[in-house]
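Biologist: I would like to learn how to read a model like this one, feature by feature. Could you take me through it, starting with the ligand?

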Amino acid sequence: MPNRPFIVGNWKMNGTRAMLAEARAIDRAAARHPSVAVGLAPPFTLINGMAEAVQAIAVGGQDCHVAASGAFTGDVSAAMLDDAGASFVIVGHSERRAGHGETDALVKAKAEAALKAGLSVILCVGETADERDGGKAEAVVGRQVDASLPAAEAANGSLAGKLAIAYEPVWAIGTGRVAQVDDVVIMHRTVRERLFAAYGEPGERLRILYGGSVNAGNAIDLLAAEGVGGALVGGASLTAESFRAIIAAAGPDEG
Ligand code: PGA
């Protein structure tokens with residue numbers, strides 16, 4: 001079911017083993033909505049435990065190093081994520097671009113490393129408030145996509161189901177300020193054009209997710225917007241109660 005909406009929770013630096021109970025509850029909710037693909041990206045420390053605790057959802061990392069192994073204190077490689085039970089990784093999140101100085105070139109290298117290790121990739125892009133206010137949102141995001149997309153060869157031939165882009169306006173992340181649906185449609189169209197320019201026809205089929213203050217109240221409208229293939233959810237993915245409502249907004253309960 002390649003066109004299933006993809007609802008992904010990003011737990012960021014939140015969660016100890018006690019929170020695996022939330023993951024189990026989210027897993028049960030995901031099982032009732034088979035028309036929705038659901039993923040959770042906990043901190044590294046919970047990946048293995050979560051992967052062993054769930055069945056219906058994919059487990060992912062929030063970052064990976066470009067190298068497979070080596071003298072990189074504190075880093076984790078894509079192969080290690082895979083070994084721990086992850087099937088995808090988020091790269092280029094704005095909190096890493098801003099807080100760790102990650103450039104488009106580094107994000108591209110991480111995406112390629114992850115694909116080579118057999119993981120799927122969610123690659124994040126998004127403009128700041130100043131860039132949007134200055135009328136530069138489309139140009140900035142277009143440039144980010146161009147410069148951070150992995151080479152198609154890194155996915156062993158086929159990118160289908162292996163790469164998703166998350167459009168996350170920086171000013172909407174964790175702020176409660178969600179983007180207007182009209183703007184989301186325009187930005188997703190911009191991303192789609194860049195995917196087509198980079199990959200040709202296969203670029204038409206890659207999912208583009210929206211992220212930034214998605215919650216149970218706004219999910220239905222955002223997910224119904226043209227070109228929106230799912231959501232990347234931070235705060236509202238931390239409890240089963242709030243994340244379940246977003247999963248339910250993406251597809252019917254068939255439980
Ligand atoms: P938020 O975070 O839903 O808390 O705004 C989204 C994200 O950073 O992926």
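Modeller: Happily, and keep in mind that this is a predicted model. A good way to begin is to look for pairs of polar atoms across the boundary between ligand and protein. Here a backbone N or O atom of Ser213 lies 2.7 Å from an oxygen atom of the ligand.

Biologist: Which other residues place a polar atom close to a ligand oxygen, and is it from the backbone or the side chain?

Modeller: One is Gly174, with a polar backbone atom 2.6 Å from an oxygen atom of the ligand. Another is Lys12, where an N or O atom in the side chain is 2.7 Å from a ligand oxygen. As for cover, the ligand has 280 Å² of accessible area on its own, and the protein covers 95% of that.

Biologist: How many residues are around the ligand, and which come nearest?

Modeller: There are 13 residues around the ligand, and the nearest are Lys12, His93, Glu168, Gly174 and Ser213. Sorting such a shell by class is a handy next step. This one has seven polar, four nonpolar and two charged residues.

Biologist: Let us stay with Ser213. Where does it sit in the fold, and is it buried or exposed?

Modeller: Ser213 is in the loop between strand E7 (207-211) and helix H9. The cut-off for buried is under 20% relative accessible area, so Ser213 at 17% counts as buried. Backbone angles deserve a look too: Ser213 has a positive phi of about 60 degrees although it is not a glycine.

Biologist: What is the sign of phi at Lys12, and where is Lys12 located?

Modeller: Lys12 also has a positive phi, about 50 degrees, and is not a glycine either. Its place is the loop between strand E1 (6-10) and helix H1 (20-31).

Biologist: Now His93, please. What does its side chain reach?

Modeller: For a side chain like this, list the polar partners, then the wider contacts. The His93 side chain reaches the backbone nitrogen of Glu95 at 2.9 Å, and a polar contact of 3.3 Å joins it to the side chain of Glu168. Leaving out residues up to four places away in sequence, His93 touches Asn10, Lys12, Cys124, Glu168 and Ile173. So you meet Lys12 and Glu168 again, two of the residues that come nearest to the ligand.

Biologist: Where is His93 in the chain, and how accessible is it?

Modeller: His93 lies in the loop between strand E4 (88-91) and helix H4 (94-99). Its relative accessibility is 5%, which is why it counts as buried.

Biologist: How do I read a residue within a strand?

Modeller: Take Ser120, which is in strand E5 (residues 120-125). At a relative accessible area of 18%, Ser120 is buried. Apart from neighbours within four places in sequence, Ser120 is in contact with Ser87, Phe88, Val89, Gly161 and Lys162. Distance along the chain and distance in space are separate readings: Ser120 and Leu159 are 39 residues apart in sequence and 8.9 Å apart in space, C-alpha to C-alpha.

Biologist: Which residues is Gly229 in contact with?

Modeller: Setting aside neighbours within four places, Gly229 contacts Arg4, Pro5, Phe6, Arg207, Ile208 and Leu209. Gly229 is in the loop between helix H9 (219-224) and strand E8 (230-233). Two of those partners also pair up: a polar side-chain atom of Arg207, found in strand E7, lies 2.7 Å from the backbone oxygen of Arg4.

Biologist: How do I step back to the whole protein?

Modeller: Start with the inventory: 10 helices and eight strands. Then compare sizes. A compact globule of 255 residues would have a radius of gyration near 18 Å, and the protein has 17 Å, so the two agree. Along the principal axes, the C-alpha atoms fill a box of roughly 45 × 45 × 35 Å.

Biologist: And what about burial, surface and contacts across the chain?

Modeller: Buried residues make up 50% of the 255. The accessible surface is about 11,300 Å², with 51% belonging to carbon and sulfur atoms. Finally, among contacts between residues at least 6 apart in sequence, 73% join residues at least 24 apart.

Terms used:
Residues numbered from 1 in each chain as written. Predicted model: local features only at pLDDT ≥ 70, side-chain atom pairs only at ≥ 80, totals over all residues. Heavy atoms only, no water. Near = heavy atom within 4 Å. Polar contact = N/O pair within 3.5 Å; in protein donor to acceptor, adjacent residues only side chain to side chain. Areas by Shrake-Rupley, 256 points an atom, 1.4 Å probe, with all protein chains shown as cover. Nonpolar A, V, L, I, M, F, W, Y, C, P; charged D, E, K, R; others polar. Helix = DSSP H or I, 4+ residues; strand = E, 2+ residues; numbered from the N terminus. Rg over C-alpha atoms; globule rule 2.2 N^0.38 Å. Buried < 20%, exposed > 50% of the residue type's maximum accessible area, 1.4 Å probe, protein only. Contact = heavy atoms within 4.5 Å.
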